[in-house]
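Dear colleague,

Please find below the sequence and structure that I am handing over to you. My notes on the charged pairs and the nonpolar packing follow.

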Amino acid sequence: RVYTKRIPYVVSLIRMGRDVLICDIDAIWIRDPLPKLLATRAGIVSSPGLSPGDAIKKYGVAFCMGFIFIRGSDLKVRDAMFALTKPMREDQGDFNQNMMREGLEYDTIKVGFTNETSYGRLHARGKSYDGLRVAMLPRSRFMRQCSPNTDFTATGNVVIAHCHSHGKQPYLKTKILSEMKLWFVPPPADGISVPQPDTDPPMPEPGTQAWTAWHNRSTQ
């Protein structure tokens with residue numbers, strides 16, 4: 001399951017001091033999100049998620065691992081990553097639970113419900129990442145709940161459309177995104193070639209010699 005296997009790679013890249021943007025394939029870029037992400041100056045910047053329930057109950061919103069920016073160039077982020085990813089059995093549920101355990105508090109009670117970004121910080125007294133700033137992007141611009149009647153390009157507000165499909169099965173995501181006119185999936189037809197798998201080798205496992213060699217090549 002990619003959403004658990006990707007975390008060791010993310011942690012390794014962040015420990016190298018690299019900024020990482022996690023973006024699911026069904027999180028559609030209506031507009032370039034990078035200016036808004038970088039303008040926050042927060043160490044962790046997330047779109048608003050719908051689970052887990054404990055985070056929703058406490059804050060009204062949760063970190064969404066389908067679209068989240070983690071700033072590895074921030075020393076507090078690098079120091080915090082071990083605590084924020086242990087345990088990590090299911091990335092979104094555990095990441096949110098770990099943030100709560102490390103003392104996450106927001107500056108406002110209306111997190112994610114306004115048209116502005118909401119901010120918070122970790123209150124981890126005595127730890128090097130105490131005070132780590134986080135930002136929660138507004139629901140109106142980083143959408144998780146969509147409607148077939150939504151014109152994503154008309155208002156100029158929507159940046160990311162990450163429409164909830166009520167399941168992770170490919171056919172559900174294809175159905176929902178096709179209905180939203182965010183994906184175009186043509187029916188099979190004679191004469192149309194089937195896309196071939198990517199021939200590039202997969203990224204090696206972090207901590208291995210192959211990982212060290214890949215990192216050295218990528219930084220030259």
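I begin with R89, which counts as exposed at 63% relative accessibility; here buried means under 20% relative accessible area, exposed over 50%, and partly exposed in between (1.4 Å probe, protein chains only). Please note that this is a predicted model, in which local features need pLDDT of at least 70 and side-chain atom pairs count only at pLDDT 80 or more, while totals for chains, interfaces and linings use all residues. Residues are numbered from 1 along each chain as its sequence is written, and side-chain values use heavy atoms, with hydrogens and water left out.

**Salt bridges**

R89 pairs with D94 in a salt bridge whose closest N and O atoms are 2.8 Å apart; the term denotes a side-chain nitrogen of Lys or Arg within 4 Å of a carboxyl oxygen of Asp or Glu. In contrast to exposed R89, D94 is buried, at 7% relative accessibility.

D107 and R133 also meet through their side chains in a salt bridge, at 3.2 Å from N to O. Because D107 lies in the loop between β5 (104-106) and β6 (118-122) and R133 in strand β7 (residues 133-136), this pair ties together parts that are 26 residues apart in sequence. Helices (H or I, at least four residues) and strands (E, at least two) are DSSP runs, numbered from the N terminus. D107 is exposed, with 52% relative accessibility, and R133 is partly exposed, with 26%. Elsewhere, R6, D24 and D91 are joined into one network by salt bridges that share partners.

Within that network, the closest N and O atoms of R6 and D91 are 3.0 Å apart. This salt bridge links distant parts of the chain, since R6 belongs to helix α1 (residues 2-15) and D91 to helix α5 (residues 91-101), 85 residues apart. Both partners are buried: R6 has a relative accessibility of 16%, and D91 has a relative accessible area of 2%. Across the whole structure, the search finds 9 salt bridges.

**Nonpolar cores**

A nonpolar core is a set of buried Ala, Val, Leu, Ile, Met, Phe, Trp, Tyr and Cys residues joined through side-chain atoms within 4.5 Å. The largest one has 34 residues, and I44, F63, F95, M99 and Y106 have the most contacts inside it. Two or more residues come from each of α1, β1 (20-23), α3 (53-59), β4 (62-70), α4 (75-84), α5, β5 and β7. A27, A42, F142 and V159 are among the members of a second, separate core of 11 residues.

With kind regards
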